[in-house]
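Me: I have a structure open here and would like to talk it through with you. Shall we take it one question at a time?

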Amino acid sequence: MIRTVASVIRGEGLPSALRRAGERMSESARAASLRVSGLLAGSVAIPLLNVVASGAAPRLGGVQQQLAARLAVERKLRAVALLTPGRLELSRPHGHVRRVSRDLESGVREAIALTGARAVHFEGTYEVPPASIARLRDSGIDILITAHDFALFCARPNLYEEPGKGFCHYSEDPARCARCLRQTWNVPDDEQTVRRALARELLSSAKATIFPSNFLLEQHRRLFALPALEGELIAPAVETRGAMPSRVQEPKGVAFVGNVIPPKGGLLVPELARLGGSSRFHVFGGGDEELFRAMRRMPQIEIHGYYRAGELPALLVRHEIGLVIVPSVWPETFGLVISEAWRAGAAVAAFDLGAQAERIREQGGGWLAPLESGAAGLGAIVERWRAGELQTAIPSELPRPHDAARAHVELYHRHGFLPDR
């Protein structure tokens, strides 16, 4: 723990470390309160179990942030049972937590026994063995699956090929894919073959499959050879925290936003800053200590570090950011950062791939550069924007947690997983 804190201080800075520590303490206090409430809770009956195998704390990432925002609304519309490793959080008869096994499959079965749930909704499949889902289905439990990434297709959901060699972008070459998983990640050929066959069967047999973007749905249709795969498209969202400060002038600032790691384009940040000369280049988000240490040697880069879920729009307005760079070098499956940038009135520059390109192409609000153009391609967009040569209307109709919650509740009712209204 001490090493982790020291690493954050060296990379992101002391204020960022304090924000992270404060959030962890808030989570611990809430968890303790819910455990005490559990001592006074009686029996509970909730027909649907939501499962997040990778944990539900918002500090863990976008999947957790949008889920927390959505369930905060859903708890006003239905009784919620949320399973994370080792704990079952229940909203009935009052908010409380009960301990269950940390083993995923055992924990799910314990939660089902406690609640009488007849259906399980896997909110993402990262760290969820397809075989475990299949066994639950075969025992008579209805299954719903939300895909937030490519975890059903690949043991590495961000499709990372191998250290120092980049990202495969859902390779069309089975031999290359097999070699990557076998040599780099120690996944035997027969295991990945069985995994994908089983995942294909699960997609076909699930009561509902949910995707955050048409891009991800189409990729699952292609990768699993399921052209007729039906999927619910429900856009995720994060609730904006606090009041938005008013802009005092036309925003001229440029910022990188997101996790400062290679798949999110973290390696490109120093070059992007250099291309801007002496102009200030802001960096919002946590990430890799070594990448941050390289940035700290560049006087034009201002590192803001980690921010809490929902705070980004206000931060962008406060620092007069008018252009947000989202330089992910692998295909995003939705892009919450894009929504938050638009909510702050900022345009977006990104590479022409994945859901980030799909959203900008369909809604405007930014510009795209070819992936092969690298930092120079995005830098050219920044230069033209600063010169006033590029203008775009910022989308105003953006997804909200209320919309996502309503869509999920309607889906649950439609499939008979919730009592008649």
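Me: Happy to start with a loop. Between which helix and which strand does Glu 320 lie?
Reply: Good place to begin, and do keep in mind that this is a predicted model. Glu 320 sits in a loop, and the elements on its two sides are helix 11 (312–318) and strand 12 (321–326).

Me: What is the phi of Glu 320, and what sign does it have?
Reply: Most residues other than glycine have a negative phi. Glu 320 is not a glycine, yet its phi is positive, at about 55 degrees.

Me: Is Glu 320 buried or exposed?
Reply: The cut-off for buried is under 20% relative accessible area. Glu 320 has a relative accessible area of 14%, so it counts as buried.

Me: Which residue follows helix 8 with a positive phi?
Reply: Helix 8 covers residues 214–223, and the loop after it runs to strand 8 (232–233). In that loop lies a residue other than glycine with phi near 55 degrees. The residue is Ala 225.

Me: Is Ala 225 buried, partly exposed or exposed?
Reply: Buried ends at 20% relative accessible area and exposed begins over 50%. Ala 225 has 48% relative accessibility, so its class is partly exposed.

Me: Which residues of helix 8 are buried?
Reply: Residues three or four places apart in an α-helix point the same way, because there are 3.6 residues a turn. For helix 8 (residues 214–223), the buried residues are Phe 215, Leu 216, Leu 217, Gln 219, His 220 and Leu 223.

Me: In which loop is His 148 found, and is it buried or exposed?
Reply: His 148 belongs to the loop between strand 6 (142–146) and helix 6 (174–184). Its relative accessible area is 13%. With the limit for buried at under 20%, His 148 is therefore buried.

Me: What is His 148 in contact with, leaving aside its neighbours within four places in sequence?
Reply: One of the contacts is Leu 216, which is among the buried residues of helix 8. The complete set for His 148 is Val 63, Gln 66, Glu 123, Gly 124, Leu 216 and Thr 333.

Me: How far apart in space are Cys 154 and Tyr 126?
Reply: Cys 154 lies in the loop between strand 6 and helix 6, and it is buried with a relative accessible area of 6%. In sequence, Cys 154 and Tyr 126 are 28 residues apart. From C-alpha to C-alpha, their separation in space is 9.7 Å.

Me: How are helix 4 and helix 5 oriented to each other?
Reply: The axes of helix 4 (residues 104–115) and helix 5 (residues 130–138) come within 10 Å and cross at roughly 30 degrees. Angles under 35 degrees count as roughly parallel, so helix 4 and helix 5 are roughly parallel.

Me: Which residues of helix 5 meet helix 4?
Reply: The crossing of the two helices is right-handed. By class, their contact has three nonpolar, one polar and three charged residues. Helix 4 brings Glu 105, Val 108, Arg 109 and Ile 112, and these meet helix 5 at Ser 132, Arg 135 and Leu 136.

Me: How do the residues of the contact of helix 3 with helix 15 divide by class?
Reply: Helix 3 (residues 62–74) and helix 15 (residues 401–414) have axes 8 Å apart and pack at about 65 degrees, in a right-handed crossing. Helix 3 contributes Ala 69, Arg 70, Val 73 and Glu 74, while helix 15 contributes Pro 401, His 402, Ala 404, Ala 405, His 408, Val 409 and Tyr 412. The division is seven nonpolar, two polar and two charged.

Me: Which residues of helix 13 meet helix 12?
Reply: Helix 12 (residues 336–343) and helix 13 (residues 354–363) pack at about 35 degrees with their axes 10 Å apart. From helix 12 come Ile 338, Ser 339 and Trp 342, and their partners in helix 13 are Gln 356, Arg 359, Ile 360 and Gln 363.

Me: Where is there a cis peptide bond?
Reply: Most peptide bonds are trans. Here one bond has omega of about -5 degrees, and its proline lies in the loop between strand 3 (87–90) and strand 4 (96–99). The cis bond joins Arg 92 and Pro 93.

Me: To finish, what share of the protein chain counts as buried?
Reply: The chain holds 15 helices and 14 strands, and its accessible surface comes to about 19,000 Å². Of its 421 residues, the buried share is 54%.

Definitions and conventions:
Residues numbered from 1 in each chain as written. Predicted model: local features only at pLDDT ≥ 70, side-chain atom pairs only at ≥ 80, totals over all residues. Heavy atoms only, no water. Helix = DSSP H or I, 4+ residues; strand = E, 2+ residues; numbered from the N terminus. Buried < 20%, exposed > 50% of the residue type's maximum accessible area, 1.4 Å probe, protein only. Areas by Shrake-Rupley, 256 points an atom, 1.4 Å probe, with all protein chains shown as cover. Axes fitted to C-alpha atoms, helices over the stretch in contact; angles between N-to-C directions. Parallel < 35°, antiparallel > 145°, perpendicular 65-115°, else oblique. Left-handed = near helix turned anticlockwise from the far one by under 90°. Contact = heavy atoms within 4.5 Å. Nonpolar A, V, L, I, M, F, W, Y, C, P; charged D, E, K, R; others polar.
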